Every structure is written in structure tokens, then in C-alpha cells.
Amino acid sequence: MNEYDSNRIYDLTSAIGFNKTDVKKKADCFVLNTCHIREKATEKVYDEIGRVKKNFRNLKKPLVIVTGCVAQAESQEMLEREPYIDMVIGPQSYHKIGDLILNYRRKKQKINETEFDVVKKFDELEKISNSQNKISSYLTIQEGCDKFCNFCVVPYTRGPEYSRRFKQIIDEASNLVNNGVREITLLGQNVNAYYFTENNKNYKLSSLIRELNNIKSLKRIRFTTSHPKDMTEDLINCYRDCEKLMPFLHLPIQSGSNKILKLMNRKHNREYYLSVIKKLKNVNKDIKISSDFIVGYPGETEQDFKDTIELVEQVGFVNSYSFIFSPRPGTPAATKKLNNLEESKTRLKKLQNILENFQHENNRKYLQQYCEVLIENKLDNQEKYFARTKYMTPVIFEANNCIPGELANVKILSFNKKNLFGIFKTNKTKVA
Ligand code: SF4
């Protein structure tokens, strides 16, 4: 979501005459768009500001703006702790950035703008068209979360669940496709909680997917991140009916132990999660699932961890993420007694080995097969292209003259843990 927000921040600042530069010392304004999910997020921001300060030691001080969830969480404290920062702007207020910069130039007063004005944000953003023109683009449809998992800061930094207007989203998607975008990933912290009502008509994520499926030049649709509780039948059926919806779903479970899921306040258990997977496979046998796992959550025993391993082996996840629990300030889990770190590290290693083996075996299946990819770009100074499979696996392939944005069949000749390597083929007889 920060990538989407950063692009929109660029659109808003370019409207008041700003341009991007790759030469850091030439910048007269730094916007640090921050994420609060990862460990030590706040300290990383101060480290980055320290680097900017060092670079500009003998130069005119640039305008320094911190946006995103760290700005929201730290707010006034940031301005007080680091005088080099001129403005903090929360993720629901960044639509004001142009006016705030102009105000700052006039008054030279520090600015703390961390209101939750999400409705206004999207109405304002609508006025400035999204300039994104990469082959694959994000599109935020929903923000915030009402689920309050005990380990997560999102409900506090992004606020309650809010869904954008249906037409606003479709218009933005059409605009992106006109810019050359061929794959859209619908975004939300709780994307499948999307729910919008207008003129007595209810719109859900499935309504959006079905509408996007009709946009002629759009080739692929994805969405992330989903909560298992919101995987409703209408959404599951999209995997049966919408050929542009990729058969790949990121569906975080976090733990395979019902005891830990309850301690996390996840609002689902493993049986429910497995029943969702079963329904998905019933409507589309090609579907593959990735997930997130937290290892060493407070109270996790060896048996709880074994439950996770057993679930992982049962589902056979691909492209998944796993981390050791680390407390986020202000969340209920932050006050709990931490597990033994060495034990958690050993568990994480074991889990990651299993996940990597699944990924490796999954990649091996492509060997000598033809695989459908969406070409994203040509690699610099090489007759090679970067693309992705339906399952997001990166593919690097050799070809003479390919067009980014086209679907192609590539014969896979080798692989490693993360990537597939191949050669362009026009033959479409067998697609993996
Ligand atoms: S559902 Fe996701 S975003 Fe919401 S609190 Fe839980 S982990 Fe955080």
C-alpha cells in the first residue's frame, strides 16, 4: 500500500511543480513514506533522517517530510525528537501534502497533520489522475481494519475499515489501463472486507472483480491482503468465473494452532481456514495459496509449533512469509512475556526450510514446461525480459523482441529457489 501511496504523493507534489530526482544531493524535499509493520520501524526512520542530515551538512537544508504509519504513530513526538523533520503527515491525510508544503514555505512552522480523514482523502485524490504506468499496478480500494489482531498496529495507524466508492475505483482502474497498466492488484489492509452501498445497491470485492474482468485491455487481476473470515462464497466463485483473476491467493493464517489463533484474536480457527481452502480448490483446482506465519508468539509451545508445521505440510503453501514475533508498541501482545528467542529462531528456521522446499519443488515442476507469463520489462542492455507467472513467481527469459504488457509462453529451462529461467516461445500448446 505504501507503494501506491508513494505514487499518489508523487502525483500530488508534481501538481505543485515538484519532480523526482535520483540524485539525492540535488533534492530540495525528502518525503519518507514509512511503514510501521516491521520491527524497529521508528528507529529506521531516524537513521534515514540522519543520513539525509549527513549528506546535506554543508548544503541548504532540504524540506523533510515523514508520511505513512510511523508518522501517524509517533506524530508530535517525531517533530520534538528530531528538529530536522519539518512535517509529519499520517496515511489518511497525505492528500493535503501540496497545500501543506505551500503553507510551510510561507509560514515556516512545523506541521503535524495526522487526522483520520479517509473519505476526504479519496475524494481529493480523485481530482488528480493516477500517473502510474507500470505494467503491474496497485490500486487501493479499502483501508483500515476492524479485526484487532492482538499483534497488529494497523487498526491504530490506518484506522477503522473504510471502502472507497465503487465507481471511483472503476474509473481509476480504467485510467490505469489507459496508461498502459495490464495487471491490477486491488489493495486493502483487509481487502476482502470491501463493502460499499450506494442507491440501495451493495458492492463487494466480488462486484469489483467482475467489473474489472470486463475491461478489455486488462489482463490480470489480483487482490491482497485477505482475512479468512471474509472469504465469502461470492468471492470464492470469482475464481471459477473470472478468467482474469489469477489462481493465486495470499491468505494469512499466522499459526496452525487453535490455541495461538485465539491468543492472537484472529477470529478463525484452523478448521475454518482449511474449509476455505477446500472451497477454493473445489471451484478452481489450479489455485495455489501463500500465507504469513508468526513464529514464537507469546505462549507458543512446541506442540503449537508442530500444529503449524502439520498445517503447512497439509496445504503446501507457495511464496510465503514467516517472521519471529516482535512486539509492536501499543498492541495487546506487546505486554505479553516473550518466548525464548533461541527457541523461536530454531522454529523459524525449521518452518522456513519446509516452506522453501515447497517452493523449490513447485518451481521444479515447471522444468521443460511452457508457462504463461505477463511481461513486465526488458532487462537493461540485455536480450532478456522480466515477467511473472500466474502465481507471482519471477521469470527471466531470453527473447529478441518482446512487448512489455503482453502475455507470452516461455519454456522453462532452469530454476532456483525464487526464480524461473527460460526462453520465449510462441507455441501455446501446453501452459503450466
Ligand atoms: S486482520 Fe490483518 S490488518 Fe487487521 S488487525 Fe489482523 S493482521 Fe492487522
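Let me start with strand β1 and strand β2, the latter covering residues 63-68, which run parallel and are joined by six bridges. Everything I describe today comes from a predicted model, so please keep that in mind as you look at the structure above. If you want one position to anchor your eye, take N33, whose bridge partner in β2 is T67.

These two strands belong to an open sheet of four strands, which follow one another in the order β1-β2-β3-β4 with parallel pairing. At the edges of this sheet sit β1, residues 29-34, and β4, residues 111-113, each of which pairs on one side only. Neighbouring strands in the sheet are turned against each other by 15° on average, if we ignore the direction of the turn. Across β1 and β2 lies helix α2, made of residues 41-55, and this helix runs at about 165° to β1.

Next, the ligand. Which residues are around the ligand? Reading along the chain, they are C145, K147, F148, C149, F151, C152, V154, P155, N190, H227 and R266. Sorted by class, this shell consists of seven nonpolar residues, two polar ones and two charged ones. One member of the shell, F151, also takes part in an aromatic cluster, together with Y297 and F325.

That brings me to the aromatic rings in general. A pair of aromatic rings is described by the distance of the centres and the angle of the planes. In this model the count comes to 13 aromatic pairs, and I would like to go through two of them with some care.

Why is the pair of F166 and Y203 called stacked? The ring centres of F166 and Y203 are 4.1 Å apart and the planes stand at 20°, so the pair counts as stacked, since planes under 30 degrees apart fall into that class. The pair links distant parts of the chain, because F166 belongs to helix α8, residues 166-179, while Y203 belongs to strand β10, residues 201-204, with their positions 37 residues apart in sequence. Both F166 and Y203 are buried.

The second pair, F223 with Y239, is tilted, with 6.1 Å from centre to centre and 55° between the planes. Here F223 lies in strand β11, residues 220-224, and Y239 in helix α10, residues 233-241, so the pair ties together parts that are 16 residues apart in sequence. Are these two residues, F223 and Y239, buried or exposed? Both F223 and Y239 are buried.

Let me finish with strands further along the chain. Strand β16, residues 370-378, pairs with strand β19, residues 407-415, in the antiparallel sense over five bridges, and within this pairing L374 has L407 as its bridge partner. Strand β16 is also joined to strand β17, residues 384-388, by four bridges, again running antiparallel, and here the bridge partner of N377 is F386. The hairpin of β16 and β17 has five residues between the strands, and in it N381 takes a positive phi near 55°.

One last residue is N400, which is placed in the loop between β18, residues 394-398, and β19. With 62% relative accessibility, N400 counts as exposed, because the class begins over 50%. Leaving aside neighbours within four places in sequence, N400 is in contact with E383 and Y385. From C-alpha to C-alpha, N400 and I423 are 10.0 Å apart in space, although 23 residues separate them in sequence.

Methods:
Residues are numbered from 1 along each chain as its sequence is written. This is a predicted model: local features need pLDDT of at least 70, side-chain atom pairs count only at pLDDT 80 or more; totals for chains, interfaces and linings use all residues. Side-chain values use heavy atoms; hydrogens and water are left out. Two strands pair if DSSP finds at least two bridges between them. Axes are lines fitted to C-alpha atoms, for helices over the stretch in contact, and angles run from 0 to 180 degrees between N-to-C directions. Contact means heavy atoms within 4.5 Å. A residue is near a molecule or strand if one of its heavy atoms lies within 4 Å of it. Ala, Val, Leu, Ile, Met, Phe, Trp, Tyr, Cys and Pro count as nonpolar, Asp, Glu, Lys and Arg as charged, and the others, Gly among them, as polar. Rings of Phe, Tyr and Trp (its six-membered ring) pair if their centres lie within 6.5 Å; planes under 30 degrees apart count as stacked, over 60 as edge-to-face and the rest as tilted. Buried means under 20% relative accessible area, exposed over 50%, partly exposed in between (1.4 Å probe, protein chains only).
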